[in-house]
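Thanks for coming. I will take one model this morning and go through its aromatic contacts, its charges and a few backbone details.

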Amino acid sequence: MSTHFVGKVISYMPPPAPTQTEVDIPIESQPPTAPLSSLVQIPTKDLSDGSRGRLSDVFEQEELSLLTIRKNRGYDPANQIAGAKKLRASKYLRAEFSWKGFPTNTQLRSVLEVGLKTLLLPRQRRGMSVDRVIGIMNSVRASHGDFGVLLDRQVKYRFQGEDESDVISNVIAFQRNWMGFTIPSMLGALQNIYNEVADSTGEHAANYDFYISHVERQFLDANLLSLDEYGLPLPLAMKFVGFGMSQDEDIEVVLKSFGSLATRSDIRAQLSEVEGWIVDDVLAGLGVRLDTSPAPHLKGRSDTNS
């Protein structure tokens, strides 16, 4: 927020009793409970006998190389190997994976289905289905950054017992967690797995990078979501796009355009009080001083009129 906040914390409840805390780093201690996705990242020579035994199936199989498994950090090796087996077993499925740029609906569904059912752990899926993932992504894309439109679309598909507040929370969580991380990460891992399989079968490699970049930015222009890092939330950024803010690929050009608009009195008159506070915070972070003093020709006018 470009500001250091210094102050005191006041508690109206008695503080908890101090406890002794031990921090265990699984990648160093290698306990029996350490996930295989973490252990597989350790150089083989540094593995304990117990860890080497737990990873024996990974080292001995020939479906997927250790290089690809390690490249897909955070994903269980057994799940990655299961995904590779699925692809090796079906030429039709491999054809659905071999896209570049934007996928067709069928291609996207096939890739996401393998990702959700094979690559992700149950706790990572959190009850999400392929239909739900695709449905919300399509709603995000169709809303063009208008959260009100997105909310109206998703309210129709809320679960029993959910109110509008729940829908808002779920949509925001999906945008930030699923579109911001889970789906891009999953697609990147599946691309790596497919490309190794395709290389061994003599088929075309895939490249999901272009589509992943669009998912990460919610199918909006690249710099709109970047403005959130400067303190300008997406709905307010979209409002400034309506005012004529530049959507140039250079973030510096966008920020300059925003600053120019945000200091205009006619633009500020169209902002709510809360929006004005947010805009002023962003301007302060950018080092733009807002001159709120009356224009020279207006000074003293109120005294004269009175």
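Let me start in the loop between α13 and α14, the latter covering 222-226, where F219 lies. This is a predicted model, so everything I say is about a prediction. Is F219 buried or exposed? Its relative accessible area is 16%, and since buried means under 20%, F219 counts as buried. The backbone at F219 has a phi near 60°, a positive value in a residue other than glycine. As a reminder, most residues other than glycine have a negative phi.

F219 also belongs to an aromatic cluster. Which residues form that cluster? They are W99, F102, Y208, F210, Y211 and F219.

On to the aromatic pairs. How many are there in the structure? There are 10 aromatic pairs. One of them is formed by F97 and Y194, with the ring centres 6.1 Å apart and 35° between the planes, a tilted arrangement. This pair links distant parts of the chain: F97 is in helix α7, residues 91-97, while Y194 is in helix α12, and the two are 97 residues apart. Both F97 and Y194 are buried.

W99 and Y211 form another aromatic pair, and here the geometry is edge-to-face, with 5.9 Å centre to centre and 90° between the planes. Again the pair links distant parts of the chain. W99 sits in the loop between α7 and α8, with α8 spanning 105-119, and Y211 sits in helix α13, residues 209-216; the separation is 112 residues. W99 has a relative accessibility of 3%, so W99 counts as buried. Y211 is buried as well, with a relative accessible area of 4%. Both W99 and Y211 are members of the cluster I listed with F219.

Next, a second residue with a positive phi. H144 has a phi near 55°, and H144 is not a glycine. Where does H144 lie? H144 is in the loop between α10, residues 130-143, and α11. With a relative accessible area of 56%, H144 is exposed. By contrast, F219, the other positive-phi residue I showed, is buried.

For a sense of distance from H144, take T182, which has its place in helix α12. T182 and H144 are 38 residues apart in sequence, and their C-alpha atoms are 21 Å apart in space. T182 has a relative accessibility of 10%, so T182 counts as buried.

Now the charges. Side chains of opposite charge can pair when their charged atoms come close. How many salt bridges does the count come to? The count comes to nine salt bridges. I will show three examples.

In the bridge between R264 and D266, the closest N and O atoms are 2.7 Å apart. R264 is partly exposed, at 37% relative accessibility. D266 is also partly exposed, with a relative accessible area of 39%.

The bridge between D46 and K45 has its closest N and O atoms 3.4 Å apart. D46 counts as partly exposed at 41% relative accessibility. K45, with a relative accessible area of 70%, is exposed.

The third example joins D49 and R52, with the closest N and O atoms 3.5 Å apart. Both residues lie in helix α3, residues 49-54, and the spacing of three residues is about one turn of the helix. D49 is exposed at 67% relative accessibility, whereas R52, at 31%, is partly exposed.

Finally, a group of like charges. Which residues gather in a patch of negative charge on the surface? D146, D152, D163, E164 and D166 do. I will look at one of them, D163. D163 is found in the loop between α11, residues 147-155, and α12, residues 164-201. Why can D163 be part of such a patch? Patches are made of residues with over 30% relative accessible area and no salt bridge, and D163 is partly exposed, at 40%, so D163 meets the area condition.

To recap, I have shown two aromatic pairs that link distant parts of the chain, F219 and H144 with positive phi values, three of the salt bridges, and the negative patch that includes D163. I will take questions now.

Methods: Residues numbered from 1 in each chain as written. Predicted model: local features only at pLDDT ≥ 70, side-chain atom pairs only at ≥ 80, totals over all residues. Heavy atoms only, no water. Patch = residues over 30% accessible without salt bridge, like charges linked within 9 Å, V, L, I, M, F, W, Y side chains within 5 Å. Areas by Shrake-Rupley, 256 points an atom, 1.4 Å probe, with all protein chains shown as cover. Salt bridge = Lys/Arg side-chain N within 4 Å of Asp/Glu carboxyl O. Lys, Arg positive; Asp, Glu negative; His and termini not counted. Charge placed at Lys NZ, Arg CZ, Asp CG, Glu CD. Helix = DSSP H or I, 4+ residues; strand = E, 2+ residues; numbered from the N terminus. Buried < 20%, exposed > 50% of the residue type's maximum accessible area, 1.4 Å probe, protein only. Phe/Tyr/Trp six-rings, centres within 6.5 Å; stacked < 30°, edge-to-face > 60°.
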